[in-house]
Amino acid sequence: MKYYLVIPTYNEELFVALTLQSLVEQTVLPSKIVVVNDGSTDNTERVIESFCEKYPFISLVNKTSDAIHLPGSKVIQAFQKGLEALDDNYDFIVKADADLIFPSNYFETIIKHFQSDDRIGMVGGFAYIEKNGEWILENLTDKDHIRGAFKAYRKECFQQIGGLKPAMGWDTVDELLCKFYNWKVVTDETLKVKHLKPTGASYDKAARYKQGEAFYSLGYGFWITAIASLKLALRKKKPMLFLDYLNGFRKAKATHKPLLVTEEQAKFIRNYRWKKMKEKLF
């Protein structure tokens, strides 16, 4: 299978070379890699250029946008810029972060999953972070969820869900829409991706409010948002984040923030979330 990668980057001079090196060492190489340098102020661009000079399937796209690092909007706008530089002659497309080290068999294994079932729409492994000299699971989500740092989409699925939404919550709504359209989402615990920079390390308080706004935008409603907020805050071992998330939800509701989904899809999402919660309880 033929696959393309789009990698948004912003001030990743310390990590992007490690990411690209792990990609050029894959047992099945990507056909194209587009790295989007989104207004970096360090040597990120030069590092990317050094790989472009050595590997003809790697290309650089420069973009300038707001330098404020808010999750969701900035990264997906950069992803869209990279997507514009590609044709659609691929079997699956990957959105990847620039602070990862992929195991060498990562995409060979992803291909095997896609080939095993035509209804598999998304595949991914698991993120590991370094702690006390050991690589441990970055346990922020359920094991049936693919982290936003490395998303692989079958072309037909990617097109049907309408691509990626430029807002926080994009990496949840994509999977929920997959399920809405009866695609399967597969995670593989054997695929351990090293995540060099912990998730949310550079988020400020305004960004934390965005999580609650995202829950609202997904059509969760108050009670599902409250449960999801508590669960996420406890996983991050920062209980006070629970209040930030709820405040973000209330703000979004008060200002009638547009949903990322249709009313029909929001109803499906709420029913799906309640069903998953009941399965865990009973």
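Contact here means that heavy atoms lie within 4.5 Å. With that in mind, the predicted model can be explored from its interior outwards, and a good place to start is I93. Leaving aside neighbours within four places in sequence, I93 is in contact with Y4, V6, L83, L86, K151, A152, Y153 and F158. I93 also belongs to the largest nonpolar core, a set of 76 residues. Within this core, I33, F92, I93, F102, F107, I110 and F150 touch the most other members.

One of the partners of I93 deserves a closer look. L86 sits in the loop between α3 (73–84) and β4 (92–96). Because its relative accessible area is 13%, under the 20% limit, L86 counts as buried. With neighbours within four places again set aside, its contacts are Y4, V6, K32, V34 and I93. Y4 and V6 thus appear beside L86 as well as beside I93. For a sense of scale, the C-alpha atoms of L86 and K165 are separated by 18 Å, the two residues being 79 apart along the chain.

A charged residue is also found inside. D174 lies in helix α6 (residues 170–180) and, with a relative accessibility of 1%, counts as buried. Beyond four places in sequence, D174 is in contact with M122, K151, Y153, I161 and L164. Among these, K151 and Y153 are also contacts of I93.

Salt bridges come next, and the whole structure holds 15 of them. In one, the side chains of K95 and D97 meet at 2.4 Å, N to O; both of these residues are buried. Another joins D117 to K184, with the closest N and O atoms 2.5 Å apart. D117 lies in the loop between α4 (106–116) and β6 (120–131), while K184 is in strand β9 (residues 184–195), so this pair ties together parts that are 67 residues apart in sequence. K184 is partly exposed, at 43% relative accessible area.

A further salt bridge is formed by K257 and E213, whose closest N and O atoms are 3.9 Å apart. This pair, too, links distant parts of the chain: K257 is in the loop between α9 (241–254) and α10, and E213 is in helix α7 (residues 205–217), 44 residues away. The two partners differ in their cover, since K257 is partly exposed at 29% whereas E213 is buried at 9%. Elsewhere, R46, E49 and E53 are linked in a network of salt bridges.

The tour ends at the surface, where F222, W223, I227 and W274 form a nonpolar patch with about 410 Å² of accessible area together. Helix α8 (residues 222–235) gives the most to this patch, with 3 residues. W274 is instead found in helix α10 (residues 263–281), and is partly exposed, with a relative accessible area of 33%.

Helix α8 also has an inward side to its story: I224, T225, A226, A228, S229, L232 and A233 are buried. An α-helix has 3.6 residues a turn, so residues three or four places apart point the same way. The length of α8 can be checked as well. At 1.5 Å a residue, its 14 residues should span 20 Å, and the end C-alpha atoms are indeed 20 Å apart, so the two values agree. After α8 comes K237, which has a positive phi, near 60°.

Methods
Residues are numbered from 1 along each chain as its sequence is written. This is a predicted model: local features need pLDDT of at least 70, side-chain atom pairs count only at pLDDT 80 or more; totals for chains, interfaces and linings use all residues. Side-chain values use heavy atoms; hydrogens and water are left out. Patches are made of residues with over 30% relative accessible area and no salt bridge: like charges are joined within 9 Å, nonpolar side chains (Val, Leu, Ile, Met, Phe, Trp, Tyr) within 5 Å. Accessible areas come from the Shrake-Rupley method with a 1.4 Å probe; for residues, only the protein chains shown count as cover. A salt bridge is a side-chain nitrogen of Lys or Arg within 4 Å of a carboxyl oxygen of Asp or Glu. Helices (H or I, at least four residues) and strands (E, at least two) are DSSP runs, numbered from the N terminus. Buried means under 20% relative accessible area, exposed over 50%, partly exposed in between (1.4 Å probe, protein chains only). The expected span of a helix is 1.5 Å times one less than its number of residues. A nonpolar core is a set of buried Ala, Val, Leu, Ile, Met, Phe, Trp, Tyr and Cys residues joined through side-chain atoms within 4.5 Å.
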